[in-house]
Amino acid sequence: MTEQSPPSRTVSPADTKASLSEPETIGQVLRKSAASTQPLTSTPGWALRLTLTHLPNMLSDGNKTRTLGETPPEIREQVRKVVMGDAPWPLVMLGAVGAGKTCTALCMLDRVAKSRRYYTAQQFVDDARDADMGRLMRGDYLESIREFWKKWRNYGITCVDEIGSRSSREKVSDHHYEAVKRSIDERHGKPCIWISNLTLQQIAQVYDDRIASRLSEGTHITFTGADRRLKKGTA
Ligand SMILES: Nc1ncnc2c1ncn2[C@@H]1O[C@H](COP(=O)(O)OP(=O)(O)O)[C@@H](O)[C@H]1O
Ligand SMILES: [Mg+2]
């Protein structure tokens with residue numbers, strides 16, 4: 001899989017050279033991005049109205065913008081607290097399919113002009129395996145496992161979606177487990193979002209208590225409500 005255009009809803013950072021030797025709040029990241037040339041809106045502070053420039057598969061229709069305007073206020077408030085450093089990372093989004101988790105996370109990533117990465121858990125595990133086996137191609141460049149993890153550590157913000165999505169009962173493979181656990185450890189103290197349709201208890205069943213415990217250190221948002229895709233269909 002290439003970094004530029006993975007299938008649906010994958011954010012591809014234009015530049016991954018940012019080095020974050022110290023933990024950085026997303027507020028700092030956002031302030032940096034505000035000074036960049038990225039076409040963001042002029043709303044001060046945590047702008048909720050975002051220009052869709054990189055993610056044509058989400059809410060895409062010509063020049064439409066991705067917005068959190070329809071997101072419940074209590075969720076926006078929790079997101080704002082994490083972004084501003086008033087609540088701890090990692091941000092963990094849980095809840096049923098179609099409740100708006102991915103959309104909310106991508107709205108956050110939209111606000112970081114550079115150095116961001118969206119993966120599904122499966123994509124991440126596949127890339128980690130390919131890097132480990134010396135066959136992870138980035139364009140015409142072969143990325144080593146060392147570079148893979150270094151980049152992962154240095155992104156301004158990351159999101160891993162669909163954690164444990166295959167099954168809420170069966171254990172994942174050893175490789176999958178190790179890759180996800182390390183992905184969490186390498187982002188410790190840094191802006192990162194983890195998304196799952198499972199509860200933390202189910203995550204503990206599919207992975208184990210160590211992974212559930214790491215995720216439970218952060219801020220949880222549980223999305224409730226009907227599947228928005230179905231609502232759209234019936235509108
Ligand atoms: N804040 C929002 N405003 C408008 N549409 C939204 C919003 N959040 C989600 N949606 C729409 O609802 C559908 C499901 O959202 P998604 O984020 O993919 O859900 P989940 O990740 O929880 O399964 C998508 O089609 C998305 O475009
Ligand atoms: Mg989703």
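## Overall composition

Of the 235 residues that make up the protein chain, 37% count as buried. The model is a predicted one. Its protein chain contains 9 helices and 9 strands. When contacts between residues at least 6 apart in sequence are considered, 77% of them join residues at least 24 apart.

## The open sheet

Five of the strands are described together here. An open sheet of 5 strands follows the order β4-β7-β8-β3-β9, and the pairing is parallel. Its edge strands are β4 (116–120) and β9 (219–223), each of which pairs on one side only. On average, neighbouring strands of this sheet are turned by 15° against each other, with direction ignored.

Strand β3 (residues 91–95) runs parallel to β9 and is joined to β9 by 5 bridges. Within this pairing, L94 stands opposite T222 in β9. Helix α2 (residues 73–83) lies across β3 and β9, and runs at about 160° to β9.

## Packing of α6 and α8

The axes of helix α6 (residues 174–186) and helix α8 (residues 209–216) come within 11 Å and cross at roughly 25°. Angles under 35 degrees count as roughly parallel, and α6 and α8 are therefore roughly parallel to each other. Their crossing is left-handed.

On the α6 side, the contact is made by V180, K181 and I184, and on the α8 side by R210, I211 and R214. By class, the residues of the contact of α6 with α8 comprise 3 nonpolar and 3 charged, with no polar residue.

## Backbone geometry in two loops

Most residues other than glycine have a negative phi, and most peptide bonds are trans. Two loop sites are described below in relation to this background.

The peptide bond from W89 to P90 is cis, with omega near 0°. P90 is found in the loop between α2 and β3; that loop therefore links the helix lying across β3 and β9 to β3 itself.

E162, a residue other than glycine, has a positive phi, near 60°. This residue is placed in the loop between β7 (157–161) and α6, and β7 is one of the strands of the open sheet. Is E162 buried, exposed or partly exposed? With 19 other C-beta atoms within 10 Å, E162 is partly exposed, as a residue counts as buried at 20 or more such atoms.

Key:
Residues numbered from 1 in each chain as written. Chains lettered and ligands numbered in written order. Predicted model: local features only at pLDDT ≥ 70, side-chain atom pairs only at ≥ 80, totals over all residues. Helix = DSSP H or I, 4+ residues; strand = E, 2+ residues; numbered from the N terminus. Buried ≥ 20, exposed ≤ 12 C-beta atoms within 10 Å, placed from the backbone. Contact = placed C-beta atoms within 7 Å. Axes fitted to C-alpha atoms, helices over the stretch in contact; angles between N-to-C directions. Parallel < 35°, antiparallel > 145°, perpendicular 65-115°, else oblique. Left-handed = near helix turned anticlockwise from the far one by under 90°. Nonpolar A, V, L, I, M, F, W, Y, C, P; charged D, E, K, R; others polar. Pairing = 2+ DSSP bridges.
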